[in-house]
Amino acid sequence: MTLNAVSYGEFSMALHEHFGDKRSPVEVSIEVSRRCPLDCQHCYNNLPMGDLAARNRELTKDEYEKILDELADMGVIWLLFTGGEIFARKDFLEIYTYAKQKGFLITLFTNGILINEKIADYLREFPPFAIEITLYGRTKETYEALTQIPGSYDRCLRGIRLLMDRGLPLKLKTVGTSVNRHEVIAMKEFTERELGLEFKFDSLLNPRIDCSQAPLAVRLSPEEVVALDLNWPNVAAEHRKTLEAGLRVAPNASQTVYSCGGGFKAFAIDPYGHMSICVISHQDTYDIRAGSVHEGWAQFLLSVRQRERKRVTKCTACQIKSACGMCPANGELENGDPESPVDFLCEVAHLRAMALGFEVPEHGDCEFCHDVERREALVESADRIAAREIDPNVWSAPRSLLPVLNNPVASAGCGGCGTVH
Ligand code: SF4
Ligand code: SF4
């Protein structure tokens, strides 16, 4: 028999074509712990390393093995282990090994600071499909202003080196915030030119899943988010392409609240055994400990996925959805209501479209289209970005890198969910 080698891209595309429109769980995100040795100002879910109550609630290794058996039976292919910090769990490599033996394609999200020679050697022997480390700054000062932990920068770089020395499939990424925005370009250059690794970034922050709005205190302004995006030709080209595609077709008026891959091709499991549509959606959860993953997928998540939307909003007929990060989980976190559009995301999407020269078609009662003052402000902003008057290449460090204290945003809270922890 002759076996033909195919690239990963071909393999992935063939699988997606194979599953097509069939509801089938192919991707699962598993948060193994919310505990983390860092305390990033923008973080949406971290808990202190020493939080014993959280540790005691976490699923045990045996429970993970049972869950992984079920996931394999269900045909799951891609598995993401994330946190908190995955290596906050002393037994993480045992859970990982079990998952490897089951044949999943595994991605690890880590901040890298707990990676030592032993872990790196082990991963060389049993490599994952991919590892992604988040770099929070190019300098120690900025990195540690965001992570709020002295010494964490050097430990992160050490972790990166240990994995690189062993030829592991590593990528770096960052999250753009008001604390590190002036170093995003330097982080990209360092990653691509000095380390020869792939780099990506995102600038859209969520409130915390316990309803605290604290991360929003370091969120970039819509103008900064778009200026940063459009500074990268490939990111700008991607937004242009998806906007063109969205504007060519009639608005996609989904009857259901969710129209993403959550509950259709993917789902998430939190450290305490709760299944949900995705890692940031927590209003509807199913307790695996009281049932099974099969049951959670076949019944509970199906009913969440099939839930019909209760009303028409400005999102219903929107044709620039592809440029917008709005989804029910964001509505839930920021407004306490999955169907309530998030103002910030809406502004970013309109500005993105306008800065790229697109007209935004009528889509209901949208203040960014109908409110004269807001619209004019957006037009001016789009002009400034297009003229490169807002230039991420010349941004300087914020006057104070100390954490933002007593910020009114930080204590606002959405009130939309119960206490998670
Ligand atoms: S490293 Fe990740 S999980 Fe830990 S505090 Fe930072 S953002 Fe949160
Ligand atoms: S939030 Fe605004 S831009 Fe985003 S989908 Fe809704 S209407 Fe469109």
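## Who touches Tyr258?

Let's start with one residue. If you skip its neighbours within four places in sequence, Tyr258 is in contact with Gly263, Ile277, Arg305 and Pro328. Keep in mind that this is a predicted model.

Where does Tyr258 sit along the chain? Look in the loop that joins helix H10 (233-248) to strand S9 (266-269). Is Tyr258 buried or exposed? Tyr258 has 22 other C-beta atoms within 10 Å, and a residue needs 20 or more to count as buried, so Tyr258 is buried. For a sense of distance, pick out Pro215, which lies 43 residues from Tyr258 along the chain: the C-alpha atoms of the two are 25 Å apart.

## The whole protein

Now zoom out. The protein's secondary structure adds up to 15 helices and eleven strands. Its radius of gyration is 22 Å, close to the 22 Å that the globule rule gives for 421 residues, so the protein is as compact as a globular protein of that length. Measure along the principal axes, and the C-alpha trace spans about 60 × 55 × 50 Å.

How much of the protein is tucked inside? Of its 421 residues, 43% count as buried. Then there are the contacts: take those with a separation of 6 or more, and 74% of them involve residues 24 or more positions apart.

## A walk along helix H7

Helix H7 covers residues 152-165, which makes 14 residues. From its first C-alpha to its last, H7 reaches 20 Å, close to the 20 Å expected at 1.5 Å a residue. Just after H7 comes Gly167, with a positive phi near 65 degrees.

Which residues of H7 are buried? They are Ser152, Tyr153, Cys156, Gly159, Ile160, Leu162 and Leu163. The buried residues of H7 pack against two helices, H5 (117-125) and H6 (140-147), and two strands, S6 (130-134) and S7 (170-175).

## Around the two ligands

Ligand 1 has this set of residues around it: Cys36, Leu38, Asp39, Cys40, Cys43, Asn46, Gly83, Gly84, Glu85 and Asn111. Sort that shell by class and you get four nonpolar, four polar and two charged residues.

Over at ligand 2, there are 13 residues in the shell, and those that come nearest are Cys315, Cys318, Cys324, Cys346 and Ala349. What classes make up the shell around ligand 2? It has ten nonpolar residues, one polar residue and two charged residues.

Key:
Residues are numbered from 1 along each chain as its sequence is written. Chains are lettered from A and ligands numbered from 1 in the order in which they are written. This is a predicted model: local features need pLDDT of at least 70, side-chain atom pairs count only at pLDDT 80 or more; totals for chains, interfaces and linings use all residues. Helices (H or I, at least four residues) and strands (E, at least two) are DSSP runs, numbered from the N terminus. A residue is buried if 20 or more other C-beta atoms lie within 10 Å of its own, exposed if 12 or fewer, and partly exposed in between; C-beta atoms are placed from the backbone. Two residues are in contact if their C-beta atoms, placed from the backbone, lie within 7 Å. A residue is near a molecule or strand if its C-beta atom, placed from the backbone, lies within 6 Å of it. Ala, Val, Leu, Ile, Met, Phe, Trp, Tyr, Cys and Pro count as nonpolar, Asp, Glu, Lys and Arg as charged, and the others, Gly among them, as polar. The radius of gyration is taken over C-alpha atoms; the globule rule is 2.2 Å times the number of residues to the power 0.38. The expected span of a helix is 1.5 Å times one less than its number of residues.
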